[in-house]
Every structure is written in structure tokens, then in C-alpha cells.
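Student: I would like to go through this chain by question and answer, from its contacts to its sheet and its core. Please put the model on the screen.

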Amino acid sequence: MANHVCPWWLGYLLASPLRRILEKPEKMLAPFALPGMTVIDYGCGMGFFTIPLARLVGPTGKVIAVDIQEKMLNRLRVRAAKAGLSDRIIIVASGSSPQIKEDSVDFVTALHVIHEIEDQQAFFNDMRRVMKSGAKIFMLEPGFHVEEKEFRRSVEIAESSGLVLTGAVDYSRSLSVVMSKP
Ligand SMILES: C[S@@+](CC[C@H](N)C(=O)[O-])C[C@H]1O[C@@H](n2cnc3c(N)ncnc32)[C@H](O)[C@@H]1O
């Protein structure tokens, strides 16, 4: 399975407002990210989805933004401060993070990242552990970059971690699915 990690400099392009022509974070995430929720944005990059998520969860919610690249997280720190949202975005370096509490998370996003994760079984096991019962995970992969059979394999790995399919959301040129913790 391919696991080439997105170069940090591409993060600037991914966080560009022009990307909204193709993907509208608020429209995609508003059905799932509600006020007061605790959300994980896994593989957050420079925060194209993190900032809108922080607005959706409101002042009583929080977004735990996880990435393996410090340069992505540093830029997200600046963007969060500029947006006045630093208090509700908790920035966590993948692998060196304090443990997120079991059964504490309402919603997880894994957007354009799963194909980059080397140990997907460990990832889904970990997400299942921290998700509350009934919490959802929204997985989306770029259809131009990831083959459908590779995506299906990721869904199978998620199922073997105990997550169940709750629905598919179809965005053009992307593969996406919503799963939940029973
Ligand atoms: C293609 S970018 C997508 C960023 C963001 N989700 C977006 O759509 O703008 C993938 C991101 O996932 C991060 N990443 C890759 N493998 C990871 C891992 N094992 N744990 C956490 N983050 C990871 C990369 O550093 C990169 O920032």
C-alpha cells in the first residue's frame, strides 16, 4: 500500500482559498460537526478543514488537529491565531502526543490522508479507542490519486477495527465514506 507523505510545501497549496472551488469544508462537515463537539482532524496539514471545523464546533467545542509534520502544524498555529481560534484548536504531533482519552471524541475527519498512513490498522484501532459510542469518522480520499480497490481495502481495515459503515457521501473525484463506532 502506498504511503508517500505529502511534502510540507504542498500544504500551502492545500490550504489555499482557491481550493474551495472544489471542496467546501462547511458544506461537507456541517452535518457532522456540531456545536460543543470534540473533533479530531487527523492529518490536518495546514488546516484547510481544521479552521472551518473549529468554527462549526463553536466556543464550547474543540478540534484536536493531528499531523506528523511539524511544518504543517507550525503553519496551522499561525492560521489559527489569525482566525482567533487558537483556544479551540489543540495541536498534536502524531506519535509524540499525549494520549487522547478513551471514549472522548464525537467526530473524526481523515481527509486526503489515509493513503499516506503506513500502519492503517493501528490508526483505525486508535480512532476506535478514542471515539465515543455512536461517534462518526468521515474518510475521504482523492479519487485521482487513490484507486477504488485501495480505498475499499482501507474500509475493510476500519471494519476489522470494529467500525461499521453508516453511509457513503459522494463528492466528485473523491472516494468517501462515513463509518461509526457502534
Ligand atoms: C495530502 S495532506 C492533506 C491535509 C489536509 N487533510 C487537507 O486536506 O488539506 C496529508 C497530511 O497528512 C499528514 N500525514 C501523513 N501521514 C500521517 C500520519 N501517519 N499521521 C498524521 N498525519 C499524517 C501529512 O503530513 C499531511 O499534512
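Student: Of the contacts in the chain with a separation of 6 or more, what share comes from residues 24 or more positions apart?
Tutor: The model is a predicted one. Contacts with a separation of 6 or more are the ones counted here. Within that set, residues 24 or more positions apart account for 74%.

Student: In what order do the elements run from the N terminus on?
Tutor: The chain has six helices and seven strands. Written from the N terminus on, their order is α-α-β-α-β-α-β-β-α-β-α-β-β.

Student: What is the radius of gyration, and why is the chain called as compact as a globular protein of that length?
Tutor: The C-alpha trace spans about 40 × 35 × 30 Å along its principal axes. For 182 residues the globule rule gives 16 Å, and the chain comes close to that, so it is as compact as a globular protein of that length. The radius of gyration is 15 Å.

Student: Which strands stand at the edges of the open sheet?
Tutor: The sheet has seven strands with mixed pairing, in the order β3-β2-β1-β4-β5-β7-β6. An edge strand has a single partner, so one side of it is left without a neighbour in the sheet. The strands that fit this are β3 (89–93) and β6 (164–167).

Student: By how many degrees are neighbouring strands of this sheet turned against each other on average?
Tutor: The average ignores direction. The value is 25°.

Student: Which residue of β7 stands opposite Gly167?
Tutor: β6 and β7 (residues 174–180) pair in the antiparallel sense, over three bridges. In β7, the residue opposite Gly167 is Val178.

Student: Which strands does helix α5 touch where it packs on the sheet?
Tutor: Helix α4 (residues 70–82) packs on the sheet against β2 (62–67) and β3, with its direction at about 170° to that of β3. Helix α5 (residues 120–130) also packs on the sheet, and its direction makes about 145° with that of β5. The strands touched by α5 are β4 (105–111) and β5 (131–142).

Student: Which strand gives the most to the largest nonpolar core?
Tutor: Buried residues make up 41% of the chain. The largest nonpolar core has 51 residues, and Ala33, Leu53, Val108 and Ile137 have the most contacts inside it. With six residues, the element that gives the most to this core is β5.

Student: Which residues does Ile137 touch, leaving out those up to four places away in sequence?
Tutor: Ile137 is among the residues with the most contacts inside the largest core. Its partners are Val108, Ala110, Met127, Met131, Leu163 and Met179.

How values were computed. Residues numbered from 1 in each chain as written. Predicted model: local features only at pLDDT ≥ 70, side-chain atom pairs only at ≥ 80, totals over all residues. Pairing = 2+ DSSP bridges. Helix = DSSP H or I, 4+ residues; strand = E, 2+ residues; numbered from the N terminus. Axes fitted to C-alpha atoms, helices over the stretch in contact; angles between N-to-C directions. Contact = placed C-beta atoms within 7 Å. Rg over C-alpha atoms; globule rule 2.2 N^0.38 Å. Buried ≥ 20, exposed ≤ 12 C-beta atoms within 10 Å, placed from the backbone. Core = buried A, V, L, I, M, F, W, Y, C linked by C-beta atoms within 7 Å.
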